[in-house]
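Dear colleague,

Please find below the structure I promised to pass on, followed by notes on what came out of going through it.

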Amino acid sequence: MSELSDYIPIVGQQVIDQLRRLADRLQNSRFVHVNSTRSGGGVAEILSRAVPLLNQLGLETSWEVIFGDPDFFEVTKAMHNGLQGDKVKFTPAMTAHYREINRENARRFDWEADFVLVHDPQPAALIEDLRPRAKNWVWRCHIDASRPRLEVWKFLSKFVKQYDASVFSMSRFAQNLAHPQYIIHPSIDPFSDKNRELTPGEVQAVLARLGVVNDRPIILQVSRFDSFKDPLGVIQAFQLVRRHTPCQLLLVGGEATDDPEGPEIFARVQEAAAGETDITLLMLPPDSHYEVNALQRAADVIVQKSIREGFGLTVTEAMWKGKPVIGGAVGGIVLQLRDYHTGFLVHSPEGCAFRIRYLLHRPEMSRRMGRLAKEFVRNHFLITRHIRDFLSLMIFINN
Ligand code: UDP
């Protein structure tokens, strides 16, 4: 694990000194983060890096993961989809099971804390049983719940309203709640296996190991196989580009233990890519950070063509590697990507195809956009800024 001082060459001494000063004001406080998976997806990615750094700052911080059976994750995936606006089946039996699993989890936890940070809807109901265990309860919502299905939000908000505050990734996601709501943008860690520098030799070795032949430009999307990430739209865009420009598409995904829909969406993607020699589908284990890093570095153009997105860490990951990104003009992607400067925002497979072709034919402009992209991430989306925002908010809430 990297030391705080390692970040000085990247963000400067002042930034690290400020983190230490902020942390000093929270000494003797105990923090517990709770989510629903230790690996796979953006929340696990952030917590795996932020929790050790918070401990290095002298803050006693632990990370708990709730358990759930397959039925529970079916329910929470329906909640996730419903919160992002999809029509979903949401029955009383499902809500009863959700509550029951949260109650069982509550019985397993034996901590007392000053701050409990509960991430996303899966563990939100823990507060029902555990409220007295901590002074401050904060619900951290990572998804775009700005236009939820009413029945799902009505159910979830019963729990959310019991919290002292909520944190969203963007102001547009804030809800009609009586308690204070705050904005914190997510971040990436430049020293994680996902983002650290790799040599060209290391990148080539990963391509060889995964059977990717680097003889044509690579277009890449890295995402869980989830319909909101629109992998079928990416295939459509690619097919339009490939008519005139030789290139290959890599769709890289992995499973997250709290996302039961992956295999079904993967099967649909396989069907759409059947017989396509220029498309490679890679289903990697959730801890394939080094491999994802190498693939992002090998790519010529990186796409994140989501049609709903809480934040989309993959966009920032790609930008940090000096790549221009073509992203769906939705959710947190519009925060990260400066249209026409660090990449392009698109609204359709056709628009996506147009921009892929545009970048493939302009390598110098691609490189220039990539350089701007990296600086944009340095200034806005590194973990040091995220921890600063987090500590400032905790100090504010505590006072
Ligand atoms: N990721 C990964 N392997 C995969 C797919 C995704 O390591 O096969 C990582 C990806 O690099 C990013 C995170 O999982 O760090 C996904 O976060 P994002 O915010 O993009 O989307 P989420 O899955 O949280 O909706």
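Leaving out neighbours within four places in sequence, L220 is in contact (C-beta atoms, placed from the backbone, within 7 Å) with L250, V252, L295, Q296, A299, I302 and V303. Please bear in mind that this is a predicted model, in which local features need pLDDT of at least 70 and side-chain atom pairs count only at pLDDT 80 or more, while totals for chains, interfaces and linings use all residues. Residues are numbered from 1 along each chain as its sequence is written.

L220 and L295 also appear, with V116, I219 and I356, among the residues that touch the most other members of the largest nonpolar core, which has 101 residues. Such a core is a set of buried Ala, Val, Leu, Ile, Met, Phe, Trp, Tyr and Cys residues joined through C-beta atoms within 7 Å, buried meaning that 20 or more other C-beta atoms lie within 10 Å of the residue's own. Domain 1 (4–187 + 382–398) and domain 2 (200–381), with bounds from an automatic or database domain assignment, both give residues to this core, so it lies between them.

The C-alpha centres of domain 1 and domain 2 lie 27 Å apart, and the contact takes 26 residues from domain 1 and 24 residues from domain 2.

As for the ligand, 19 residues lie around it, of which G41, G42, G254, L313 and T314 come nearest; a residue counts if its C-beta atom, placed from the backbone, lies within 6 Å. Each of the two domains supplies at least three residues to this shell.

Best regards

Technical notes. A residue is buried if 20 or more other C-beta atoms lie within 10 Å of its own, exposed if 12 or fewer, and partly exposed in between; C-beta atoms are placed from the backbone. Two residues are in contact if their C-beta atoms, placed from the backbone, lie within 7 Å.
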